[in-house]
Amino acid sequence: MEVETIVAPATPKGRSAIAGIRVSGPQALGIARKFFSPLAAGSAAQNIPPFSPILGKIVDNGEVVDEVILIYYRAPRSYTREDMIELFCHGNWIIVERIVDCFIREGARLAEPGEFTMRALLNGRIDLTQAQAVMSIINATSNIALRVGMKQLQGELSRRVEDIREELMHVLAYLEADINFPEDVALETDGFREGLAEGLDRVVVSIDKMISGARAYALIEEGVNCLLLGYSNVGKSMLFNRLLGRDRSIVYDTKGTTRDSISEKVRFGAADVVLWDTAGILKDVEGVDAVAVERTQEALSSAQIVVLVLEAGRELNEVELEIFSRLEDRSVIVFLNKADLHRDVEVPASVRSKGWDCVVGSALKGEGVEELKRLIGSYAERFVVALDDFFILRKSQVVLLEELKSLLLSARKLLLQGEPTEMAAEEIREAISRIDRLLGRDMDEDLLNLVFSEFCIGK
Ligand SMILES: Nc1nc2c(ncn2[C@@H]2O[C@H](COP(=O)(O)OP(=O)(O)OP(=O)(O)O)[C@@H](O)[C@H]2O)c(=O)[nH]1
Ligand SMILES: [Mg+2]
C-alpha cells in the first residue's frame, strides 16, 4: 500500500507574523507544484530544487491566496525521512486553512497528532525515547525539562538502552551456544554461569538508575519542589507571599489558617522552583485540621528542598523537634522568622548541630528574604547539574523497565541454581523484547498510540 501524504498546520492557531504548514509523503512535491509558483522571473513551477527556500505564490482557482516561502526536503533528508514540504505563509488562520485545504483536495489527508514524529520513528530516524523527548521539548515549562529533553533527543537514553541490549545479546549468544552445541563448546566450565550472572548484575544496576532517574525527573519536571514547612502560625504563608512577591496565600493571626497545600512557580536565579505553602504541623488535631496536616506530609514526600520556618527567640517545641527527624535526606534551609520582635536572635543549638543553612529574618519586614531566595536558588541549581541522572519516561515505560529487571533477576537465579541454560535463555529473550518495545522497535501499538496521542498536530 502506498504511503499516504499527510498535511497539517505546524504552528498554533491565532495571529502571528508567520505560520507554518507541513506536508510529508510521496505526493508532497507533486501536490505543491499544482498551487505554488515561484516569483523569481523565469522560474517555472516545475523548478523546485530541494533544500533551498523559494519565494512564491499560492494560487487557488486563479486567485492568489498568499505569498509564501516553500522548502522542499528530498527523502531521506527530512524530519520524517519522506519527501517533505514546509510552507511559511502570513500568520492568519484563514490562509493556513485554505492552503491546507488545497493539499487535502489534491489527495493529502490531515495528519493525526504526532504523526510526523511517528513517521520519523517508523522510518528509523529516531527511536521512541527520542520521540518522547521531542514532545517534552515542545511542552517544557521549565529550563530543566528543556535541557533533559534535549539530551534525550540527542540519544542519551537510547545509548544506555542500546548498551543494555548489547550486553544481553552477548549473554544470550553464550547461552545459545551452550544449548545448541553442548558437546562442542566446553562452556559449562567453572565460572561460566557466575560470569554471565555478573553481566546481568551490571545491567540491573543500570536499569535501576533509569527507573530512579525517570521517577526523579517526574518530580521536578515543572521545577524543583521547595516546601515551606513548620509549626502553625510561624509565618509560613507570609513568607510564601514575600517569596512570590504577591499576596497569594491567606495570612491570619490564628492557628490552622492554611489548609490546602498551595503551589506557585517562581524563578530564583537560573532555577525554576515550585514553591509550596503548607498547613502548619499541629499535634492532636481532628477533623479538617488533621486532614490538612496529612496534606502537608504528602507534599513533603515529593519536596527536594525544605524551608523549615521557626520562630526566632522561642524554644523549639515537641512538634518541631519531631519534624527535624523527618528531614534527614532533604536539602534543608532554616528560616528563623519574626526576628523583628527580638533584639538579639540566637540560632538554636539543635539547628546549629544539624549543619543546615540558617537565615534570620522577618517575613513581615521583608528581612532575610533575598538571602533565602538566593539559597533556594543555589540548592535548586544543584538539581540542574544532576541532569545526567534524569530520563523522560512514561509510567508504562517504567513498568516495562521493572519487568525487564525482574526477568533478568529471574534469569540470574536460574543460572546460579544450575537450571538448564534454556530456561535462563528464555528469560533473556523476553527481556530483549521488552527493550525493543521501550525503543519503539517492536511496534507495540498501545504504547505508541499512548505516546503520540499527547502530541500536538503538525509535529
Ligand atoms: N511580627 C511578625 N509577625 C509575623 C511575621 N510573619 C508572620 N507574622 C504574623 O504571624 C501570624 C501568622 O502568619 P501566617 O503567615 O498566617 O502563619 P502560617 O505559618 O502560615 O500559619 P498557618 O497557616 O496557620 O500554619 C500573622 O498574624 C502574621 O501577621 C514576622 O516576620 N514578624
Ligand atoms: Mg499559612
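These legends accompany several views of a predicted model.

**Figure 1. The whole chain, with 15 helices and 13 strands.** The radius of gyration is 30 Å, well over the 23 Å that the globule rule gives for 459 residues, so the chain is more spread out than a compact globule. Along the principal axes, the C-alpha atoms fill a box of roughly 85 × 80 × 35 Å. Of the 459 residues, 40% count as buried. Take the contacts between residues at least 6 apart in sequence: 66% of them join residues at least 24 apart.

**Figure 2. Strand E11 (residues 305-311) and its surroundings.** Seven of the seven residues of E11 are buried, so the strand is largely enclosed by the rest of the structure. In a regular strand, side chains alternate between the two faces of the sheet. Here Ile305, Val307, Val309 and Glu311 point one way, while Val306, Leu308 and Leu310 point the other way.

**Figure 3. The strands that pair with E11.** Strand E8 (residues 224-230) pairs with E11 in the parallel sense over five bridges, and Leu227 stands opposite Val306. Strand E12 (residues 331-337) also pairs with E11 in the parallel sense, over seven bridges; here Leu308 stands opposite Val334. Look too for helix H10 (residues 318-324), which makes a right-handed β-α-β unit with E11 and E12.

**Figure 4. The buried side of helix H5 (residues 143-153).** The buried residues of H5 are Ile144, Ala145, Val148, Gly149, Gln152 and Leu153. They cover an arc of only 165° around the axis, which puts them on the same side of H5. What covers them includes helices H4 (128-139), H6 (156-180), H7 (192-220) and H12 (369-385), along with strand E10 (271-277). After H5 comes Gly155, whose phi is positive, near 100°.

Key. Residues are numbered from 1 along each chain as its sequence is written. Chains are lettered from A and ligands numbered from 1 in the order in which they are written. This is a predicted model: local features need pLDDT of at least 70, side-chain atom pairs count only at pLDDT 80 or more; totals for chains, interfaces and linings use all residues. A residue is buried if 20 or more other C-beta atoms lie within 10 Å of its own, exposed if 12 or fewer, and partly exposed in between; C-beta atoms are placed from the backbone. Helices (H or I, at least four residues) and strands (E, at least two) are DSSP runs, numbered from the N terminus. The arc is that of the directions from the helix axis to the C-beta atoms. Two residues are in contact if their C-beta atoms, placed from the backbone, lie within 7 Å. The radius of gyration is taken over C-alpha atoms; the globule rule is 2.2 Å times the number of residues to the power 0.38. Two strands pair if DSSP finds at least two bridges between them. A crossover is right-handed if, with the strands pointing away from the viewer, the path from the first strand over the helix to the second runs clockwise.
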